[in-house]
Amino acid sequence: MGLTPGDADDERMMRLALEEARTALGHGDVPIGAVVSRGDEVLAAAGNQRELAADPTAHAEILALRAAAAAVRSWHLEGCTLTVTLEPCAMCAGAAVLSRLDRLVFGAADPKAGFAGSLGNLVQDPRLNHDVSVREGVLADECGDLLRTFFRERR
């Protein structure tokens with residue numbers, strides 16, 4: 001089975017997210033990266049900055065969503081995709097819903113904190129006023145290996 005054009009776009013965006021994740025290593029942050037795109041246009045990209053900014057909300061997803069909203073001058077991010085190396089936590093999944101994203105693409109699942117299918121599925125909860133299409137597992141091994149290496153080296 002070959003890749004569809006959407007698959008190739010998702011992989012391209014995930015590779016950009018992985019670059020952002022690697023930059024987070026430079027300041028001691030957990031290597032998670034995120035990209036917000038509309039079609040093939042990158043609106044914003046960010047890596048985790050919790051340690052750098054001493055901010056518990058400075059997750060890659062939140063930073064990328066803020067920058068994308070600033071780029072389009074609207075908090076409405078309809079037509080956009082959030083691509084992230086790790087399944088979003090509850091805060092970031094909530095931000096994806098509130099920003100009205102069309103799609104969420106993530107690499108590695110997070111069985112301890114993920115809220116796009118693992119612990120819960122906030123992005124597709126029918127009680128909310130918006131739901132987000134989800135594609136999981138894009139470059140999952142590469143995304144997971146980066147995180148496993150980071151935590152193994154910290155122990």
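**Exercise 1. Arg 73 and Ala 54**

At 78% relative accessibility, Arg 73 counts as exposed, where exposed means over 50% relative accessible area, buried under 20% and partly exposed in between, with a 1.4 Å probe and protein chains only. The model is a predicted one, in which local features need pLDDT of at least 70, side-chain atom pairs count only at pLDDT 80 or more, and totals for chains, interfaces and linings use all residues. Residues are numbered from 1 along each chain as its sequence is written, and side-chain values use heavy atoms, with hydrogens and water left out.

Task: Describe the backbone and the setting of Arg 73, then do likewise for Ala 54.

Solution.
1. Arg 73 is found in the loop between H3 and E3. Helices (H or I, at least four residues) and strands (E, at least two) are DSSP runs, numbered from the N terminus.
2. Phi of Arg 73 is positive, near 60 degrees, and the residue is not a glycine.
3. Most residues other than glycine have a negative phi.
4. Ala 54 lies in the loop between helix H2 (50-53) and H3. Its phi is also positive, at about 50 degrees.
5. With a relative accessible area of 68%, Ala 54 is exposed.

**Exercise 2. The chain as a whole**

Task: State how many helices and strands the chain has, in which pattern they follow one another, and how the radius of gyration stands against that of a compact globule.

Solution.
1. There are five helices and five strands.
2. Along the sequence they follow the pattern α-β-β-α-α-β-α-β-β-α.
3. For 155 residues, a compact globule would have a radius of gyration near 15 Å, and the 14 Å of the chain agrees with this. The radius is taken over C-alpha atoms, and the globule rule is 2.2 Å times the number of residues to the power 0.38.
4. The C-alpha trace spans about 40 × 40 × 30 Å along its principal axes.
5. Of the 155 residues, 46% count as buried.
6. Among contacts (heavy atoms within 4.5 Å) with a separation of 6 or more, 59% come from residues 24 or more positions apart.
7. The chain exposes about 7900 Å², of which carbon and sulfur atoms supply 52%. Such areas come from the Shrake-Rupley method with a 1.4 Å probe, and for residues only the protein chains shown count as cover.

**Exercise 3. Two buried strand residues**

Task: Place Thr 85 and Val 105 in their strands and list what each touches.

Solution.
1. Thr 85 belongs to strand E3 (residues 81-86), and Val 105 to strand E4 (residues 103-108).
2. Thr 85 counts as buried at 1% relative accessibility. Val 105 is buried too, with a relative accessible area of 0%.
3. Leaving out residues up to four places away in sequence, Thr 85 touches Met 14, Ala 17, Leu 18, Ala 21, Pro 31, Ile 32, Gly 33, Gly 107, Ala 108 and Cys 143.
4. On the same terms, the contacts of Val 105 are Asp 10, Met 14, Thr 81, Leu 82, Thr 83, Val 84, Arg 135 and Val 138.
5. One of these, Asp 10, is 95 residues from Val 105 in sequence, with 7.2 Å from C-alpha to C-alpha.

**Exercise 4. Helices H4 and H5**

Task: Identify the buried residues of H4 and the contacts of Leu 146.

Solution.
1. In helix H4 (residues 90-98), the buried residues are Cys 92, Ala 93, Gly 94, Ala 95, Ala 96 and Val 97.
2. Their cover includes helix H3 (60-72).
3. After H4 comes Arg 100, with a positive phi near 65 degrees.
4. Leu 146 sits in helix H5 (residues 140-154) and counts as buried at 15% relative accessibility.
5. Neighbours within four places in sequence aside, Leu 146 is in contact with Leu 18, Ala 21, Arg 22, Leu 25 and Pro 31.

**Exercise 5. The aromatic pair**

Task: Classify the geometry of the one aromatic pair in the structure.

Solution.
1. Rings of Phe, Tyr and Trp (its six-membered ring) pair if their centres lie within 6.5 Å; planes under 30 degrees apart count as stacked, over 60 as edge-to-face and the rest as tilted.
2. The structure holds one such pair. The ring centres of Phe 150 and Phe 151 are 5.0 Å apart and the planes stand at 80 degrees, so the pair is edge-to-face.
3. Phe 150 counts as buried at 8% relative accessibility, whereas Phe 151, at 36%, counts as partly exposed.
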